[in-house]
Amino acid sequence: MTYAVTTINPFFAARRKRLAPSAPPEPNQPVYARLPLAPRNGSPVPHLTSLYHFHRAGDYGDRAYPGNCGNLIKDLMRYFKPGLVFDPMTGSGTCRDVCLELGIPCMSWDIHHDFDACDPKDFSAQETFDFIWVHPPYWRQKLYSADARDLSRAPTLEEFLRRYGLFLRNCARALKRGGKLAVLMGDYCDRDAGFVPLTYHTKRLAFAAGLRQCCTDIIRFSHGASSGKKVYRSSFIPGLHDVCAIFERP
């Protein structure tokens with residue numbers, strides 16, 4: 001006598017089949033990830049979400065300059081619609097170029113103009129700003145100038161955080177009531193200090209300066225980072241993003 005074999009759960013049967021592992025992506029080829037759908041709302045910039053994944057930085061400033069992110073700045077300006085903007089660490093002038101395109105008044109200097117953002121005397125007492133954009137050094141991950149006042153030249157983490165705290169307090173005082181401070185910062189692993197959680201310290205110091213966070217973190221994917229083209233002998237979990245935290249003066 002023969003009996004028919006019935007598969008009660010075809011999904012379970014499929015799981016029992018051994019599948020060949022998918023081939024890893026070729027080196028230097030992009031890997032695509034499916035992002036969650038964002039809820040529809042009244043935002044003037046619907047694509048601005050907590051995940052900022054656009055690979056084009058925009059034609060602002062110098063793209064070869066570390067950390068160029070003109071399109072993110074542009075989207076923040078379009079969302080918050082500030083009157084007067086300040087960039088106290090201007091670098092190649094990315095924020096200034098964005099504001100020029102959008103017709104927003106912007107003041108921008110940095111250490112190359114003999115402007116020490118950590119010194120309260122260098123902040124004008126006659127100007128208060130609607131929006132301050134800042135992309136500070138990630139301590140000494142990259143050296144920006146030979147000036148000893150440069151944050152990237154701080155000899156120890158403690159000294160960096162001390163001066164970084166002074167800088168954030170200067171920014172807090174320079175904001176109008178309800179003004180916004182956007183800080184783009186990333187963590188990194190230092191050769192001596194080990195893993196340095198600079199995004200945590202940014203929030204800690206900003207809160208100590210009397211600011212509060214006004215919206216979600218924006219995780220910016222680090223497209224075009226120079227580290228993505230290097231080969232390392234050591235084993236580590238690569239960091240592929242930095243964090244834009246937005247604070248306001250209550």
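Two residues are taken to be in contact when heavy atoms of theirs lie within 4.5 Å. By that criterion, among the contacts in this protein between residues at least 6 apart in sequence, 67% join residues that are at least 24 apart. The coordinates belong to a predicted model, and every statement below should be read with that in mind.

The protein has 250 residues, of which buried residues make up 38%, and its secondary structure comes to five helices and 10 strands. It exposes about 15,800 Å², and carbon and sulfur atoms supply 55% of that area.

Helix 2, which spans residues 70-80, is a useful place to begin. Within this helix Gly 70, Leu 72, Ile 73, Asp 75, Leu 76 and Met 77 are buried, a set that includes an aspartate as well as the residue to be followed next. Leu 76, itself part of helix 2, counts as buried because its relative accessibility is 1%, where the cut-off for that class is under 20%. When residues up to four places away in sequence are not counted, Leu 76 touches Leu 48, Lys 81, Phe 131, Trp 133, Ala 182, Ile 218, Cys 244 and Ile 246. A further spatial relation links Leu 76 with Val 45: the two are 31 residues apart along the chain, while their C-alpha atoms are separated by 8.5 Å.

Helix 2 also takes part in the second largest pocket, which holds about 360 Å³ of space. Of the 17 residues that line this pocket, the closest to its centre are Asn 41, Ser 43, Leu 48, Thr 49 and Tyr 79; among these, Leu 48 is also one of the residues that Leu 76 touches. Which element supplies the largest share of the lining of the second largest pocket? That share, three residues, comes from helix 2. In chemical character the lining divides into 11 nonpolar residues, five polar ones and one charged residue.

Just after helix 2 the backbone reaches Lys 81, which takes a positive phi of about 55°. Most residues other than glycine have a negative phi, and Lys 81 has its positive value although it is not a glycine. The residue lies in the loop between helix 2 and strand 2 (85-87), and it counts as exposed because its relative accessibility is 56%, the threshold for exposure being over 50%. A second residue of this kind is Asp 114, with a positive phi of about 65° although it, too, is not a glycine. Asp 114 is found in the loop between strand 3 (106-108) and strand 4 (129-134), and with a relative accessible area of 53% it is exposed.

Strand 3 itself contains Ser 108, which, in contrast to the exposed Asp 114, counts as buried at 13% relative accessibility. Leaving aside neighbours within four places in sequence, Ser 108 is in contact with Asp 87, Thr 90 and Arg 96.

Further along the chain, helix 4 (residues 157-174) includes Gly 165, which counts as buried at 2% relative accessibility. Gly 165 and Ala 209 are 44 residues apart in sequence, and the distance between them, C-alpha to C-alpha, is 7.8 Å.

Leu 211 is located in the loop between helix 5 (198-208) and strand 8 (212-213). Is this loop residue buried or exposed? Leu 211 counts as buried, because its relative accessibility is 5%. Beyond the residues up to four places away in sequence, Leu 211 touches Ala 172, Leu 175, Leu 181, Ala 206, Phe 247, Glu 248, Arg 249 and Pro 250. The C-alpha atoms of Leu 211 and Gly 178, which are 33 residues apart along the chain, are separated by 9.9 Å.

The contact between Leu 211 and Glu 248 leads to the last element of this walk, strand 10 (residues 241-248), in which Glu 248 lies. Glu 248 is buried, with a relative accessible area of 14%. With neighbours within four places in sequence left aside, Glu 248 is in contact with Gly 178, Gly 179, Lys 180, Leu 211, Arg 212 and Cys 214. For one of these partners the interaction can be specified further, since the side chain of Glu 248 makes a polar contact with the side chain of Lys 180 at 3.3 Å.

Notes
Residues numbered from 1 in each chain as written. Predicted model: local features only at pLDDT ≥ 70, side-chain atom pairs only at ≥ 80, totals over all residues. Heavy atoms only, no water. 1 Å grid on protein atoms, 1.4 Å probe; cavity = no way out; pocket = protein on both sides within 12 Å on 5 of 7 lines; lining within 4 Å. Points joined across faces, edges and corners; volume = space filled by probe spheres on them. Helix = DSSP H or I, 4+ residues; strand = E, 2+ residues; numbered from the N terminus. Nonpolar A, V, L, I, M, F, W, Y, C, P; charged D, E, K, R; others polar. Buried < 20%, exposed > 50% of the residue type's maximum accessible area, 1.4 Å probe, protein only. Polar contact = N/O pair within 3.5 Å; in protein donor to acceptor, adjacent residues only side chain to side chain. Areas by Shrake-Rupley, 256 points an atom, 1.4 Å probe, with all protein chains shown as cover.
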